[in-house]
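The following exercises concern domain organisation, the contact between chains and annotated spans. Each task is followed by a worked solution.

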Amino acid sequence: MSATASRVRPSRPTGEAGAAKRPGRTRGAGLGLLAWVLGVLFFLPIAWMALTSFHSEADAATNPPSFAAALTLDGYRDFFGVGGGASPWPALINSAVASIASTLLVLVLSFPAAYALSINRVRKWTDVLFFFLSTKMLPAVAGLLPIYLFAKNVGMLDNIWLLVILYTSMNLPIAVWMMQSFLAEVPVAVIEAARVDGARLPTVLARVVAPIALPGIAATALICFIFSWNELLFARVLTGVAAETAPVFLTGFITSQGLFLAKVCAASLVISLPVLAAGFAAQDKLVQGLSLGAVK
Amino acid sequence: MTATTAAPVAAPPEPHVKQPSARLRAWATRAPLLPALIFMIAVTQLPFVATLVISFFDWNALYPKARKFTGVDNYQQVLTDADLRHSVWTTILLTVAVVLVSLVLGLALALLLDRRFPGRGAVRTLLIAPFLVVPVAAALLWKHVLYNPEYGLFNGLLHYVGGPQPEWISDTPLLAVEASLVWQWTPFMMLILLAGLQSRDHQQIEAARVDGASDWQIFVHLTLPHLRRYLELGALLGSIYIVQNFDAVFTITSGGLGTANLPYTVYQSFYQAHENGLASAAGVLVVIGSLIIATFALRVVSSLFREEVSRA
C-alpha cells in the first residue's frame, strides 16, 4: 500500500511532492530494516539450535558461547544411537505411520463430506459445519480417561493404530472446513457437465472435483500431517515402548543428562524437519488452514 | 452458487414430500457426509459422555472394587482443592498473557510485513519458522539451550555485556513457559493479521490519504476497525490452543514451581494419582471453561463465514 503511494509520488511533477518523498523513503528503509532485525531475532533460537547441533558436547556447553567452535556430526551420531543408547528410528517410524495413515484417513473421510457441504449441499449444512468445528474446541484432556480405559479393556494400549484413529478425529474438523472452502471454489458448471454425461458420484469426485481442488487438498494434508506429528498428550498417555512416537522420544530429554546439548539440538532439529518441510510447502495456505478456513 | 445456497431454505415443502424418490434423493445427498459425521460422534462425543458419567463416581483405579456413585462430591472436592484452584488461575494467567503478548507482537510484525521492502518473503519465512518447530522440541530448546543458567544462550549473551546470570526457570517459572509460547504463537497471530491487512480496501485508504489523513489516523480509523474481527479470531483460536497447552508446561517445568495448568493437572491426577473420578470432574470443568471461550469463537468464525458465503 505504501509502495503504491511512493510509486505514484515521483511521477508527480510538483516540487513539493519531491520534497515529501525523501523522509518517507528513509522511514520506509528503516522499517524494512526493523522487520529484518525482528525476523532474525525470532529465527535466532533455531539458528543457534542448528549451530549447536554441529558442535561437540564440550563446545556446546561453554559460557560465554563458542560461536566459532569446530563442527562435528557427533551430536547426530549420538542421537541416532551409533555409540549405543536407544535408537530413535522406531519412534520416527511410529510417528510417520501415525501421521501419514491418519492424514490419509482424514482425506478419505473429509473429501466426500466436504462435497456434501459445499457442492451438493445437504440441508442445514452450516449447522453440520459448526458441529465439526465445535468438536475441535473440546479440550483433548476431557476425553482422555475414557479413551484410556477403553483402550485398556480392548487391549489397544501401546498400539499405533489407536493413535491413528485419535489423530483422525483431531484433524477431521480442520480438514472438513478447509476442504469445503476449497471445493466451494470448483465451478458448478464443470460438475453439472460430468453429471449430464452420466458419471456417477465417485467418478465425479475422483476425476473432476479432485484434480481442480488438488492444491487445496495438498495443503489440507500437510496441515493435518503437522498436527499429528506434533501431538504429545495422547501419545504420552496411550503408548509405551512399542508405539512410542517421536515427541514422546523427545520427552526423554526433559531431565538433564550431563553434557547433552548437542544431542538435544540434533534430536529437536531432526524431529522438527518434517514439520518445517511440510509447513513451508503449505505456506500459502497455512493461514486458511490454521483459521479453519475463516481467513483466506 | 447462490442458487444452490438458497434452494434448501427457499423451498421448505420439498423435503417434506413423502415420495420415496425424494427421500431417497435426500439420503443420497447425505451419504457422502455420513462416514465423517458418524466417525466424529463416535470418537469425540462418546468419550465425553463417559467422562461426564465417571465424574459422578468415586473411583480410584488402584481400588476398582470400591467404585461408587457419589453425586457431585468430586466437583466439590475439585473446586475446594487448593492445588486445583491454583491451576485454574495459572491456566487463565498463562492463556491471557500469551495471547495478548503474541497478538500485539504479531500485529507489529504484520504491519511491518505489509510494507514492500527488499527480502520481504525471506523475513516472512524466518518469522514463520518458530511455529513450525515441534512443540516439545521448542520447549526443550528453551529449557536447555536458552534458559540453562550455566551454559544457556541467554546467560552467555548476558555474560558479554557483564549482566547478571539469572536462573531463568526457577526465578520466573511461569514467565519462562509464557516466553517460549509467545515465541511459537506470535507467527500464528502475524499470519492471521497479515491476511487481514491484505484484505483491506486499498482505494478507501488512498482516498483518505488524498484527503490528508496521516498514517496514524488511517491506522486508528480505518485499519484497526477492519482488523477487529481478525484480532478477535486470532485471540480466540489462540486461546483455544493455549488453554489446552500441555507440551510446554510438561517439558519446561514438569508442572512444578506453580506452573501446573488444568490440562497438566488432569493428566497428573489420573496418570499418576489414578483418581479417575476426580480427573473426570476436572476434565468436565476444563470443558465448561473452553465452551465459554468457544461460544465467542464460534460467533466470530460464523460472522466471517457468513460474510464469505454471501459474497460468493
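**Exercise 1.** State the domains into which chain A is divided, and characterise the contact between them.

*Solution.* In this predicted model, the domain assignment of chain A gives domain 1 (2-79) and domain 2 (89-290). Next, consider the separation: 33 Å lies between the C-alpha centres of domain 1 of chain A and domain 2 of chain A. To their contact, domain 1 of chain A contributes 15 residues and domain 2 of chain A contributes 11 residues. On the side of domain 1 of chain A that touches domain 2 of chain A, at least two residues come from each of α2 (15-53), α3 (57-60) and α4 (74-79) of chain A. The most is given by α4(A), with 5 residues. Finally, by class, this side of domain 1 of chain A holds 7 nonpolar, 5 polar and 3 charged residues.

**Exercise 2.** Describe the contact between chain A and chain B, giving the composition of the chain B side.

*Solution.* First, count the participants: 87 residues of chain A and 91 residues of chain B take part. On the chain B side, helix α16 (residues 276-311) of chain B supplies the largest share, 15 residues. Sorting the chain B side by class then yields 65 nonpolar, 19 polar and 7 charged residues.

**Exercise 3.** For chain B, examine residues 125-142 and 174-197, two of the spans that UniProt lists under "transmembrane region".

*Solution.* The listing comes from an unreviewed UniProt entry. Residues 125-142 of chain B are 67% helix and 0% strand, with end C-alpha atoms 21 Å apart. For residues 174-197 of chain B, the values are 100% helix and 0% strand, and the end C-alpha atoms lie 32 Å apart.

Notes. Residues numbered from 1 in each chain as written. Chains lettered and ligands numbered in written order. Predicted model: local features only at pLDDT ≥ 70, side-chain atom pairs only at ≥ 80, totals over all residues. UniProt positions renumbered as here; feature names shortened; annotations may be inferred. Helix = DSSP H or I, 4+ residues; strand = E, 2+ residues; numbered from the N terminus. Contact = placed C-beta atoms within 7 Å. Nonpolar A, V, L, I, M, F, W, Y, C, P; charged D, E, K, R; others polar. Domains from an automatic or database assignment.
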